[in-house]
2 protein chains.
Amino acid sequence: MEKVSSSIRITGQPLSESIFIELRSAILRGKLRPGEKLSEQQVCDKFGLSRTPVREAFRQLELEGLIETIPNRGAFVVGLSKRDIEDLYEMRKAYEILAVKWAIERITKEEMEKLEEAYEFMEFYTMKKEADKMLNINMQFHNLIYKASHNRMLEHTLSTYQFYLKETESNSAYLDGYLEEVLKEHKQIYDAFVEKDTEKGMAAAAMHLDNAKARAK
Amino acid sequence: MEKVSSSIRITGQPLSESIFIELRSAILRGKLRPGEKLSEQQVCDKFGLSRTPVREAFRQLELEGLIETIPNRGAFVVGLSKRDIEDLYEMRKAYEILAVKWAIERITKEEMEKLEEAYEFMEFYTMKKEADKMLNINMQFHNLIYKASHNRMLEHTLSTYQFYLKETESNSAYLDGYLEEVLKEHKQIYDAFVEKDTEKGMAAAAMHLDNAKARAK
DNA sequence: GATTGTATTCTTGTATACAATTATATCTCT
DNA sequence: AGAGATATAATTGTATACAAGAATACAATC
């Protein structure tokens, strides 16, 4: 493992959090290979800090299943296979459908206003053909739905999946040729919120995620 | 928080793991109330050990969303609302359907033999009307399916949900009057494995979990 | 040459010590 | 008495120290 010159200290945020995010990203991006041993001391040396926060990060990675620790032997990178990622799209789809359903039932007025605003930005960026901004607002749109589902676990899990898929996607600018198609799919979801039609929303979400999976190829 | 007389040390297992499981259980069972402050020192005193393993357990609880930590202020119990638990049944159902689908597609010969054995135990215990043993083999049956899905994340999540629901269920002996009904539902799932019929399996799983939710009331 | 037993080294698991931030209590002033 | 400021105490965040287990190296034996 190569050293990094700069510290990862961010004021206010515990170091264990930073290390967790950093290592998770490295594993998902394949910089840390499955099977590879992850030594606490090496990680400490790399980031220039003590073992305490590193160990806390390890325990979190273990809980997410990205590393496997054998007592008194150490931690080993697990990582995601091609099929794991394929599966992840399916798992996300199943939850996203639930999120849309609950969000339509439970969304507050304020949340609805934010969702409307997000959708309007999507229209705007589609018109301007700004794919990278579209990618961002796309994520926000979905995150607003997660929040509006008013279920912390679902929200957390879907945010995690979003992160996983973002990190593992080979080409993050894959939206380029599909802006209008993507907009249309989101319009169907958004319309379902306006009409408070859960069935329509769930169907639209399912369709959208099937297409998203196909586009990511 | 009251002290416990006995130590929770189990040879081979890190203490952080034991504390994690212990605290998680306490939160799910409502012994630790939502909003309550969870002091590191208090937990240390209670279990008679140092802060290092306690902190590691806290980080894991945080990741599962059962506590919320505010930097430099401490950890606060979050817990699950009635609706959270209701939702959990839906979330479990969505994943269980996926697990059955993938398991039917991916199950190995050895795994199939174990599943068959588990199902036969279910028949046996139903005949003998042993509800508590049935509860156990029931969990095993489902865990075998999780394993056979050959997706670690799905397996881990479903195991967690199983634990959550088991801990929060008001009456763990709720199977009592429903042994034959439950057996029938599992037979349908098991038959789908024998016939390698994913559609049938998914439908049977959906039905089973709807009924399980209704029975838990 | 292969294998087993032992000593050494290395790594992890836990406890303690220190630093930094936050909460609380006390005191002052109006 | 109440509001604000300061000092003290308590709690968290991080680093270091120690203990226990595992891996490695090496010697002795077959």
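# Close-up views of a protein pair on DNA

**View 1. B:Arg51 reaches a base of DNA strand D in this predicted model.** An N or O atom in the side chain of B:Arg51 is 2.8 Å from a base nitrogen of DNA strand D. The elements that contribute two or more residues to the surface near this strand are H3 of chain A and H3 of chain B. Of these, H3(A) gives the most, with 3 residues.

**View 2. The wider surroundings of DNA strand D include residues from both protein chains.** There are 19 residues around DNA strand D, and those that come nearest are A:Ser50, A:Thr52, A:Arg73, B:Arg51 and B:Arg55. If one looks at the atoms of DNA strand D that come within 4 Å of the protein, sugar and phosphate account for 67% of them. Two of the nearest residues on chain A can be followed to the phosphates: a polar side-chain atom of A:Ser50 lies 2.8 Å from a phosphate oxygen of DNA strand D, and an N or O atom in the side chain of A:Arg73 is 2.4 Å from a phosphate oxygen of DNA strand D. Sorted by class, the surface near this strand has 8 charged, 6 polar and 5 nonpolar residues.

**View 3. DNA strand C is surrounded by 20 residues.** The closest of them are A:Arg55, B:Leu15, B:Ser50, B:Thr52 and B:Arg73. Of the atoms of DNA strand C within 4 Å of the protein, 65% belong to sugar or phosphate, while the rest belong to bases. The residues that form the surface near DNA strand C divide into 8 charged, 6 polar and 6 nonpolar. At least two residues of this surface are supplied by each of three elements, namely strand E1 (37-38) of chain A, helix H3 (51-63) of chain A and helix H3 (51-64) of chain B. The largest share, 3 residues, comes from H3(B).

**View 4. Individual atoms of DNA strand C pair with polar atoms of A:Arg51, B:Thr52 and A:Asn72.** The side chain of A:Arg51 has an N or O atom that is 2.8 Å from a base nitrogen of DNA strand C. On the other chain, a polar side-chain atom of B:Thr52 lies 2.7 Å from a base nitrogen of DNA strand C. With A:Asn72 the partner on the strand is a phosphate oxygen, which is 3.4 Å from a polar backbone atom of this residue.

**View 5. Chain A and chain B are related by a rotation of 180°.** Turning chain A by this angle, with 0.1 Å of shift along the axis, superposes it on chain B with an RMSD of 0.1 Å. That is the relation of a two-fold axis. The C-alpha of chain A nearest the axis is that of A:Glu56, which is 2.5 Å from the axis. Which surface of each copy takes part in the contact? Because 100% of the interface residues of chain A are also interface residues in chain B, the copies meet through the same surface.

**View 6. The contact between the two protein chains takes 37 residues from chain A and 37 residues from chain B.** The size of an interface is often given as the accessible area lost when the parts come together. Here chain A and chain B bury about 3,300 Å² between them, with 55% of this area on carbon and sulfur atoms. How many salt bridges are there between chain A and chain B? The count is 10, and one such salt bridge joins the side chains of A:Arg59 and B:Glu56, at 3.6 Å from N to O. Across the interface, 14 residue pairs, both partners at pLDDT 80 or more, are in polar contact. Helix H1 (15-28), H3, helix H4 (82-106) and helix H7 (152-168) of chain A each supply at least two residues of the side that touches chain B. The largest share of that side, 12 residues, comes from H4(A). Its residues divide into 16 nonpolar, 12 charged and 9 polar.

**View 7. Chain A, seen as a single copy, contains 9 helices and 3 strands.** Read along the sequence, these elements follow the pattern α-β-α-α-β-β-α-α-α-α-α-α. The C-alpha trace of chain A spans about 55 × 35 × 35 Å along its principal axes.

Definitions and conventions. Residues numbered from 1 in each chain as written. Chains lettered and ligands numbered in written order. Predicted model: local features only at pLDDT ≥ 70, side-chain atom pairs only at ≥ 80, totals over all residues. Heavy atoms only, no water. Least-squares fit on C-alpha atoms with pLDDT ≥ 70 in both. Contact = heavy atoms within 4.5 Å. Near = heavy atom within 4 Å. Polar contact = N/O pair within 3.5 Å; in protein donor to acceptor, adjacent residues only side chain to side chain. Helix = DSSP H or I, 4+ residues; strand = E, 2+ residues; numbered from the N terminus. Nonpolar A, V, L, I, M, F, W, Y, C, P; charged D, E, K, R; others polar. Buried area = accessible area lost by both parts, 1.4 Å probe. Salt bridge = Lys/Arg side-chain N within 4 Å of Asp/Glu carboxyl O.
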